[in-house]
Amino acid sequence: MKLSKSFVPTLKETPNEAVVTSHILMLRAGMIRMLSAGIYSFLPLGYRVIRKISEIIREEMNAIGGQEFHFPGLNPKEIWEQTGRVEAFGDTLFHVKNREYVLAPTHEEIVASTAKNHIQSYKDLPQIWYQIQTKYRNETRPRSGVIRGRQFLMKDAYTLDATTEGLDKGYMLHDQAYRNIFDKCGIDYFVVGASSGAMGGAGSEEFMIKSDAGEDTVAHCTKCGYAANLEVAISKIDSKLRDDKSEEVKEISTPNVKSIDELCEFLKIDETQCAKSRVYIADEKPVLVLMLGNDEVNEVKLQKEFGGNVRPAHPEELIEITGAEAGSIGPVKYQGRIIADNRLKDANNLYSGANKNDFHLGGIDLKRDVKGIEYFDLRFVSSGERCPNCNNKLDVFTAIELGHIFKLGTKYSEALGATFLDEDGNEKPIIMGSYGIGVERVMACYIEQHNDENGIIWNKTLTPFQVHLMGLNMKNEDVANTSDSIYEKLISENIEVLYDDRIDAQAGYKFKEADLLGMPIQVIVGNKKLNENKVELKLRATGERMDVDIDELISKVQELLK
RNA sequence: CGGGGCGUAGCGUAGUCCGGUUAUCGCGCCUGCUUUGGGAGCAGGAGGUCGCAAGUUCGAAUCUUGCCGCCCCGACCA
């Protein structure tokens, strides 16, 4: 492709609307343009990457027996009502105004209804159906460029099975296929076991990458691969040890001391000598929650212990329940249920609130002074704590979800009557699995992981073009002729070339742009080296340069692309 | 949907608080000449409903009100 005739609108400066690296670089490299919030056009260069990713996905999906479909994006609303998902998706589902249609946010319903009509016997199973198509979701807040959009390209696969063993097998096939896909793309990912959320079903894994642009916070161990959403993550961490001797409870005047930090400063003590109190309302009843030092209450874990609704108590409720305001609440003489984090188990010589404004108590012994206290894991893990599996240091960071696989079960097949007859002639619902990959996210995540201050660094798998050929001074006949003939030769060898043949662009301009666009191999044709019958070859990833005889260029390039 | 920020030429911006000639500058774009190994130089030029609408005023990019759009935080999110 000749740049002189191509639409590759690069930008020298960062557009105002872009904040995250991948978004900035995709805009600057002329790969995407926004049409509206969360809605992007892919320009020729960007679309080439999308096609390469799609092709890798196809190869791996076909390899596990997947069959590619093309499903409608426009769906009758009725079918979504049958599974209760018009309500479940709520405002996220796009509704068509002048007909009873919705825009498909995913395709479980269409798969199940297709199966209903045509899968009749266990002999027809298993099946793996997939699609690579645009999905529509009315996200309340699109963000980070292409990472959360209102319309996005998604590979969705569905397994149809007669038995749970079959489902397990299909799930494992996808697990491996996903690892192959992300490996081929050159993405550094990790896998998190997760709950399947609104989709229903049991058993799921998320494929994620570490990124500041991420929307989930996870704890990850690079050594053993332990990974969990922060809301459920656990770690090995020291408890407050019980001192040999319990001191007497003593009341201390602590005017205007509210936080644990202020208390430590005021009393010259360590935060691990403090028990922080939080009051929650669980199913209408107050519960005092104690945490060691500055540990934060993990409300998801709290919710898990109580099952029902849990919320922090309002300020007025605090006074009513404890007689004190936040900052002066504590367990001693507290009337009601008290639960504490495991780190506080049987601890003594603690400082905590006195349930009297501007007073704290010291010398608290939870065994002696607080009756009926229950202990649970209630805290958030933080970076540097020990992995529960291998004792290595855990890292806590935000992450982007690239892919998600899960066992759906029979929710959709039952709702839509997608059944089959088993070997004994019994009618049973088809057992389904669902497996998604955000195609644009693969592209964005790759860029998040592979860039430097000059631009994108493509690998040879995803790159829009394998070679970026530059004729430096195209007014020089020698340079122009040599560049042209190299271009023709590369093309005849089926090598993808982006050819900067622009006559009026400066050498420096071409270099900068080549680094921004990031093709793995740059071939530079300039008078200097041409006099020795050589051209220069530069590797984008390392910056390594080498002079190559023109006669040997093709074979050298082919060698590098292997 | 709540909180915050922003909206001036294709991109990045000054001016807005405190209203007053022809709306600033850089990049990009067009023409010519020069230049050609790290986003060129000189000269000339084009390009604007100052997000939209209403209002206040002799006069509005600037003040008021409403609306729209974009970004960030939160809520939400296979």
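**RNA strand B and a five-stranded sheet**

Me: Which helix gives the most to the surface near RNA strand B?
Reply: Helix 14, with eight residues. Bear in mind that this is a predicted model.

Me: What else supplies at least two residues there?
Reply: Strand 1 (32-36), strand 8 (151-161), strand 21 (395-409), helix 15 (527-530) and strand 30 (534-539) each do, as does helix 14 (507-517).

Me: How do the residues of that surface divide into nonpolar, polar and charged?
Reply: There are 17 nonpolar, eleven polar and 18 charged residues.

Me: Which residues come nearest to RNA strand B?
Reply: Of the 46 around RNA strand B, they are Arg-137, Arg-141, Arg-148, Met-154 and Arg-545. Sugar and phosphate make up 44% of the RNA strand B atoms that come within 4 Å of the protein.

Me: What about a base nitrogen, which side chain has a polar atom 2.9 Å away?
Reply: That of Thr-140. On the backbone of the RNA, the side chain of Ser-36 has an N or O atom 3.1 Å from a phosphate oxygen, and His-404 has one 3.0 Å from a sugar or linking oxygen.

Me: Switching to the open sheet of five strands. What order?
Reply: The order is 16-14-15-17-20, with mixed pairing. Strand 16 (310-312) and strand 20 (374-376) are the edges, each paired on one side only. From one strand to the next, the twist averages 35°.

Me: Do strands 15 and 17 run parallel or antiparallel?
Reply: Parallel, with four bridges joining strand 15 (residues 285-292) to strand 17 (residues 337-341). Leu-288 has Ile-338 as its bridge partner in strand 17.

Me: Which helix lies across those strands?
Reply: Helix 8 (residues 299-306) lies across strands 14, 15, 16, 17 and 20, at about 135° to strand 16.

Notes. Residues numbered from 1 in each chain as written. Chains lettered and ligands numbered in written order. Predicted model: local features only at pLDDT ≥ 70, side-chain atom pairs only at ≥ 80, totals over all residues. Heavy atoms only, no water. Pairing = 2+ DSSP bridges. Axes fitted to C-alpha atoms, helices over the stretch in contact; angles between N-to-C directions. Contact = heavy atoms within 4.5 Å. Near = heavy atom within 4 Å. Polar contact = N/O pair within 3.5 Å; in protein donor to acceptor, adjacent residues only side chain to side chain. Nonpolar A, V, L, I, M, F, W, Y, C, P; charged D, E, K, R; others polar.
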